[in-house]
Structures are given as C-alpha cells and as structure tokens.
Amino acid sequence: MRYTPRTQALRSALAASIALTVIGAAHAAPPAGRLLAAQCAQCHDLDGNGRGFEELAGESASEIYHELVEMKNRTRIESIMDRQARGYTDAQMRALAAYLASLPGGGD
Amino acid sequence: MQTLNRRKFLSLTAAAAGAAALPPQSRAVGARVVVLGGGFGGASVARYLRMWNPGVAVTLVEPNATHVSCILSNLVVTGLLSMNRINLSYTALRNNRGVQVVQGRALGIDTGGNRVTVSTANGNVTLGYDHLVVAPGIDFVPPPGNWNPSLTPHAWQAGPQTTLLRNQLATLGNNDRFVMTIPKSPYRCPPGPYERACMVADYLKRKGRTGATVTVLDANPSIQAEPEAFTRAFNVTHAGRILYVPNAVVQSVDSASRSIVTSAMSVSNAKVLNIIPAHRAGAIGASLGVNAGGFVPVDPLTYAVSGVANVHVIGDACAVPASDGKAVPKSGHMANSEAKVCADAILRALNGEQPDTNIATSSACYSPITSRSASWLSANFIYGDIYDANGGIKGKGMHRVDLGEAPAGEVNQDSYQDMFTWADSLFYDSFA
C-alpha cells in the first residue's frame, strides 16, 4: 500500500489531529466549515503529512480567504484553482478558510 | 449464517480507535453504518465517518481484496505504469481508521429489517445497520450482438480488464487498427475515453507502429469533455493517427471477429476492439429503484433514496438532481466529494439534526494527452435552485456554477506532473 503513513511519528500526529477533531465534534453539531473544507482535501494535505499540493492547514483564515478571492476573480485562467475557487460563495470561502485555519499544521 | 453482533463490532472498532477518543455526548456513538462497495465513494464515506466520529461502527463490504483505480489506468494500458501503481489496499482503512472490512458480495438489502445479506468465503453473513451507504459503481448494458468482454475488453472497470487491453495493445503491428467505442452520456469519467484514444495514439508513435491508427466510434454527437484540448489533440498532436467519428451508435458487435456495426461506420476484423458499453447503476444499487437512465435518484443533501429509510447511494450509481445540460459527472473525485456530504448528513441524522444545506461538491482531474503532457478539467456544484433548458427553476439540487478545462498553454509537462500529485492525494484522501 503506497499511501499508508510512512512512520509511527506520522501516525501519532494523525491520531492527535483526529483526537482534536473529535473533541471539537463532541457537541452535537459538526464544526462550521468542516464539510466545505473537506472538499479541499482531495488535493490538499489537511493533516500535516505533506501529500498533495500546497498545505493549507496552518495558514491564517485571512490568507486562505484572500488567496481564494484573488483566484476567483482572475480573468485570465492560469491554474485549476482559478476555476475551483469559482465553485464557492463568498460566505462559503470565509467559512472554509476559518475552519482550515483552526487545524494544526505547518502551512507553506 | 452468522451475525456480526453489535457488541463484538463495537469492541473491534473501539480497540482500533482508542476508547478515549469517543465523543461522550454524541448520540451517534454505537451507531452502525454499513457501506457496500469499496471504490472511491465507498472508501471515502467509510474513512470520513470514522475520522469525524470514531464512535460510529463502520463496516465496508467489498468483493475484491483490493481496489484497482480507474484513475491513471490508461497509463497502465499503454505501458507507462505498472498495475501495482493503481492497486489500492484497504489495510490503512482497517488499521488506521478502524473500518471493519468484510470481503464479500452483498446479495440483497432488507430495507424493512435494516439489514444486508453478504456472501463471504465463510458463508453468508447478515449485517444490521442504522444507515446503509450503497456505492456499487457501474454495471454494463450489453450491446446488441455477440459481445464478449474477454475478447473485446472494456477496461472501464480497472483490474484484469486493464491487463487484457494492455496485452492486446501490445500485439498491434504496423497498419493495424485499434477501434474503440464511447457510450452515450452519462458514463463514468467523461474525458476518459478521449484520453485513452490519445494515449493509444501516443503509444503507437512511441513504438514506431507506422500506419497503425485509432478509430473512435462515439455514440455522442460531439466530444463530451475538454472539447478544446481533445479537438487539438486529435487534429494536431495526434494528426493522422486518430479518426474521430461522432454519432456512431452501436448496432451490433461480434467479439469473435472483432467486428462492429454502428449508425455512422462499420469496421470488420479490427486488431483490437475496445467496447465501452453503456452504463447503469451497479446491481445492488439498482435494486433500490432506478430512473429511465438506469441510475438511482437521490436527495442531493443526504444522498438518501426516496422512500427507503436510512439508505443512501453515492458515486457513479446515483443520479443527483441537477440543471439540464449540467449533469454531475461520474468520477472518482466526485464520488469522494459526495461521500463527505453523505457522511456529514448521516452523522447529523444520528444526532437528530437536519442536513447541512450550505454544501458544495466538485470534481477535478488531469487527462494525459501524451506521455509528457496533460490537460485538466474542473467542475463545481452548489446546492440550490436548478434550472431546465429554458432557464426556469425546476427544483432543488446541485447546480453547476463553474466548468472549465485547461487553456492551451496549460496543457503541458507541469500538468502531467500535477496529475500524479492529484491522483496520489485523492488516493490518500479516499483509502488511507
């Protein structure tokens, strides 16, 4: 299996991030923005193991939101994210950015 | 007949997750979710249910020991990757996420009794559920004539069929003909057949097969995805090697002689005949009721099947309400996206809450054009009003708010490398 986390340290880090998520989810409603932010995880690492494109966890909400706005408004399409950013409303971008900023992680 | 009882089930999953991680106030703790099918949709929903609430017991039922990814499989057909590269194990879901993986085939769903009967190597097992997620992928609608996929492979479900088509392609000599069909939409992976045509043409060039060609018999009136990239690829990049024939509806197939009759063109004795038949929902999904196209209509907020309590269908087997002409594509990436919406809705339902309405789904993919360059495709959907062809509101569903392909300058080597980053990340987000 190629995609198994490669070291015990990584597994521990994963377990820690899961535990944090669970504590956050102990109340009935899931954290705001979690589901929207999960739609970034196909391509972006949200749990600190270094896979995918630019790591988002650890960036500030403001950084992530403003990057998304810049990409959404870019008239000359340069990358796939210039398109993907068009898939979210302003309120959705703020919500997912706030959630991503709450995750542990190094950022890029 | 043996029954995996709830206590044994809980002890297994609690041991895997660490009992201390259980959320103390969640009413979802102890709930049982059974998932049928371990492709991108089924694996992702199992993974996210356990990540978001380790108190939920999740059983994943899958006939095969591993999943072989359709994503990147055209690179296996054309000898650029090994089968091992697209072979995805369930070990990480089992060991890292605490998913109970049962190798077996679902025989039937007792929707009134909330249980599924599964055929395994050790006999039949009955699994009770609080929620059931059905993610069986596709079955094929046999074309008219004498179609035999072991002679004229589809290679549209990866695995032995991928190997078979790879081996047949290897026999192609100078002036030989590779003929492939594309079914009417909707089918799995809209750019996939055009990608395959390009990669076979690239293979013929790399191998120096002079005069050998690819004939694409498309039942659709035009290229269904990335029209600019594939038109350029067919007319410029692979000029003289690809013959594209639209409106070619299959009328008869004879696999023994590798011959085909379509409404636009007939071919006798092709060297390789790659028949991709029309699709319908996988049988266990279809048993829940299908629309005229053969797919299972679902609620876009929960992926629940109307009139069947606590049963959900995700991925290629489902039909999501969408605006006319803006269908939700059937793809591994989209199945993963839908799985997250479904997992969130199930966890809310178990806690007595309403589903989230502020939801988005997406698909993104990279399509190799040659062994050094790739294009990409992006599609995004938001829940809300959906529209008929005249712009009138026809209901609620997933409305496509954006669709676009790589501009010409982005069909390049960087995108080819990004393809592997995307695929590996998606593999991880679904299976690890």
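How much area do chain B and chain A bury between them? The figure is about 4,000 Å², with 59% of it on carbon and sulfur atoms. Keep in mind that this is a predicted model. Below is a quick tour of the interface, then of a parallel sheet in chain B, a run of paired strands, and a couple of backbone oddities.

**Where chain B meets chain A**

- On the contact count, 61 residues of chain B touch 41 residues of chain A.
- The rule picks out three salt bridges across this interface. One of the residue pairs that meet in a salt bridge is Asp344(B) with Arg34(A), at 4.0 Å from N to O.
- Polar contacts across the interface come to 15 residue pairs, both partners at pLDDT 80 or more.
- As for who supplies the surface on the chain B side, the elements giving two or more residues are helices H2 (40-52), H9 (332-350) and H10 (413-431), plus strands E23 (360-368), E24 (374-387) and E25 (393-405), all of chain B.
- H10(B) gives the most to that side, with ten residues.
- Sorted by class, the side of chain B that touches chain A holds 30 nonpolar, 17 polar and 14 charged residues.

**A four-stranded parallel sheet in chain B**

- Four strands of chain B form an open sheet with parallel pairing, in the order E14-E13-E12-E18.
- The edges are E14 (242-245) and E18 (272-274) of chain B, each of which pairs on one side only.
- From one strand to the next, the twist averages 15 degrees.
- Helix H6(B), residues 192-206, packs on this sheet and touches E12 (177-182), E13, E14 and E18 of chain B. The direction of H6(B) makes about 170 degrees with that of E13(B).
- Looking at one pairing, E13(B), residues 213-218, runs parallel to E14(B) and is joined to it by four bridges. To find the register, look for Val216(B), which sits opposite Tyr244(B) in E14(B).

**From E11 to E17 in chain B**

- Strand E11(B), residues 145-146, pairs with E15(B), residues 250-254, in the parallel sense over two bridges. Here Gly145(B) faces Val253(B) across the pairing.
- E15(B) also pairs with E16(B), residues 259-262, this time antiparallel and over four bridges.
- Two residue pairs set the register of E15(B) against E16(B): Ser252(B) stands opposite Val261(B), and Asp254(B) has Ser259(B) as its bridge partner.
- The hairpin of E15(B) and E16(B) has four residues between the strands, and Arg258(B) in that hairpin takes a positive phi near 50 degrees.
- Next comes another hairpin, with three residues joining E16(B) to E17(B).
- E16(B) and E17(B), residues 266-267, are antiparallel and share two bridges. Ile260(B) has Val267(B) in E17(B) as its bridge partner.

**Backbone spots worth a look in chain B**

- Which peptide bond is cis? The one from Ser185(B) to Pro186(B), with omega near 0 degrees.
- Pro186(B) lies in the loop between E12 and H6 of chain B, and H6(B) is the helix that packs on the four-stranded sheet.
- Leu72(B) is not a glycine, yet it has a positive phi of about 75 degrees.
- You'll find Leu72(B) in the loop between strand E4 (67-68) and helix H3 (73-77) of chain B.

Technical notes: Residues numbered from 1 in each chain as written. Chains lettered and ligands numbered in written order. Predicted model: local features only at pLDDT ≥ 70, side-chain atom pairs only at ≥ 80, totals over all residues. Heavy atoms only, no water. Contact = heavy atoms within 4.5 Å. Buried area = accessible area lost by both parts, 1.4 Å probe. Salt bridge = Lys/Arg side-chain N within 4 Å of Asp/Glu carboxyl O. Polar contact = N/O pair within 3.5 Å; in protein donor to acceptor, adjacent residues only side chain to side chain. Nonpolar A, V, L, I, M, F, W, Y, C, P; charged D, E, K, R; others polar. Pairing = 2+ DSSP bridges. Axes fitted to C-alpha atoms, helices over the stretch in contact; angles between N-to-C directions.
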